[in-house]
Amino acid sequence: MIEELMNNAVLLALVLAPITTGMIEVVKRTANIQERYLPLVSLLSGIAIAVLIALGTGQDVVQYILVGVVGGLSSAGLYDQKKITE
């Protein structure tokens, strides 16, 4: 049971990271937000998406919040890595 939960959490975090990165790009281009707040927006977006998925599938919201944190922070890391390579 725990192993299945961990596998699902990892898969969801892997899916959340690029989705959240795309959302951050949209926010960055449409809203006037300073770049230093984008990691926070990424974190909150990851949590929001994960909570919506949890509510839609009837899963435990608290566990999915943690997955959203991982996905959001992964997205922030992807964004920073992209910025470093440019």
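The predicted model shown above has an average pLDDT of 82 over the protein, and 87% of the residues score at least 70. Confidence is lowest in α3, where the mean is 77, and highest in α2, where it is 90.

**Exercise 1. The overall layout**

Describe how many helices and strands the protein has, and state the pattern that they follow along the sequence.

Solution. Begin by counting the elements, which gives 3 helices and 0 strands. Reading along the sequence then yields the pattern α-α-α. As a next step, consider the contacts between residues at least 6 apart in sequence, of which 65% join residues at least 24 apart. Finally, turn to the surface: the accessible area of the protein comes to about 5700 Å², with 67% of it belonging to carbon and sulfur atoms, while 28% of the 86 residues count as buried.

**Exercise 2. The largest nonpolar core**

Find the residues that make up the largest nonpolar core, and work out which helix supplies the largest share of this core.

Solution. The core consists of 9 residues, namely Ala9, Leu12, Ala13, Leu16, Ile49, Ala50, Ala54, Tyr64 and Val67. Sorting them by element shows that α1, α2 and α3 (61–85) each supply at least two residues of this core. The largest share, 4 residues, comes from α1. As general background, nonpolar side chains in soluble globular proteins tend to be buried together. One member of the core can be followed further, since alanine 54 touches Gln59, Asp60, Val61 and Tyr64 when residues up to four places away in sequence are not counted.

**Exercise 3. The salt bridges of glutamate 25**

Identify the residues with which glutamate 25 forms salt bridges, and decide whether glutamate 25 is buried or exposed.

Solution. A search of the whole structure finds 2 salt bridges. In one of them, glutamate 25 pairs with lysine 28, and the closest N and O atoms are 3.1 Å apart. These two residues lie 3 residues apart in helix α1, so they are separated by about one helical turn. Glutamate 25 also forms a salt bridge with arginine 29, with 3.3 Å between the closest N and O atoms; here the partners are 4 residues apart in helix α1, which again means a separation of about one helical turn. The salt bridges share partners and thereby join Glu25, Lys28 and Arg29 into one network. For the second part, compare the relative accessibilities: glutamate 25 counts as buried at 16%, lysine 28 as partly exposed at 28%, and arginine 29 as exposed at 71%.

**Exercise 4. A nonpolar patch on the surface**

Locate tyrosine 37 among the elements of the chain, and name the residues with which Tyr37 forms a nonpolar surface patch.

Solution. Tyrosine 37 sits in the loop between α1 (2–30) and α2 (38–57). Its relative accessible area is 40%, so tyrosine 37 is partly exposed, given that this class lies between the limits of 20% and 50%. Together with Ile33, Leu40 and Leu44, Tyr37 forms a nonpolar patch on the surface, and the accessible area of these residues together is about 360 Å².

**Exercise 5. Two residues that are distant in sequence**

State which element holds glycine 22, and give the separation between the C-alpha atoms of glycine 22 and serine 75.

Solution. Glycine 22 is found in helix α1, and its relative accessibility of 34% makes glycine 22 partly exposed. Although glycine 22 and serine 75 are 53 residues apart along the chain, their C-alpha atoms are separated by 9.0 Å.

Definitions and conventions:
Residues are numbered from 1 along each chain as its sequence is written. This is a predicted model: local features need pLDDT of at least 70, side-chain atom pairs count only at pLDDT 80 or more; totals for chains, interfaces and linings use all residues. Side-chain values use heavy atoms; hydrogens and water are left out. Patches are made of residues with over 30% relative accessible area and no salt bridge: like charges are joined within 9 Å, nonpolar side chains (Val, Leu, Ile, Met, Phe, Trp, Tyr) within 5 Å. Accessible areas come from the Shrake-Rupley method with a 1.4 Å probe; for residues, only the protein chains shown count as cover. A salt bridge is a side-chain nitrogen of Lys or Arg within 4 Å of a carboxyl oxygen of Asp or Glu. Buried means under 20% relative accessible area, exposed over 50%, partly exposed in between (1.4 Å probe, protein chains only). A nonpolar core is a set of buried Ala, Val, Leu, Ile, Met, Phe, Trp, Tyr and Cys residues joined through side-chain atoms within 4.5 Å. Contact means heavy atoms within 4.5 Å. pLDDT is the predictor's confidence in each residue, from 0 to 100.
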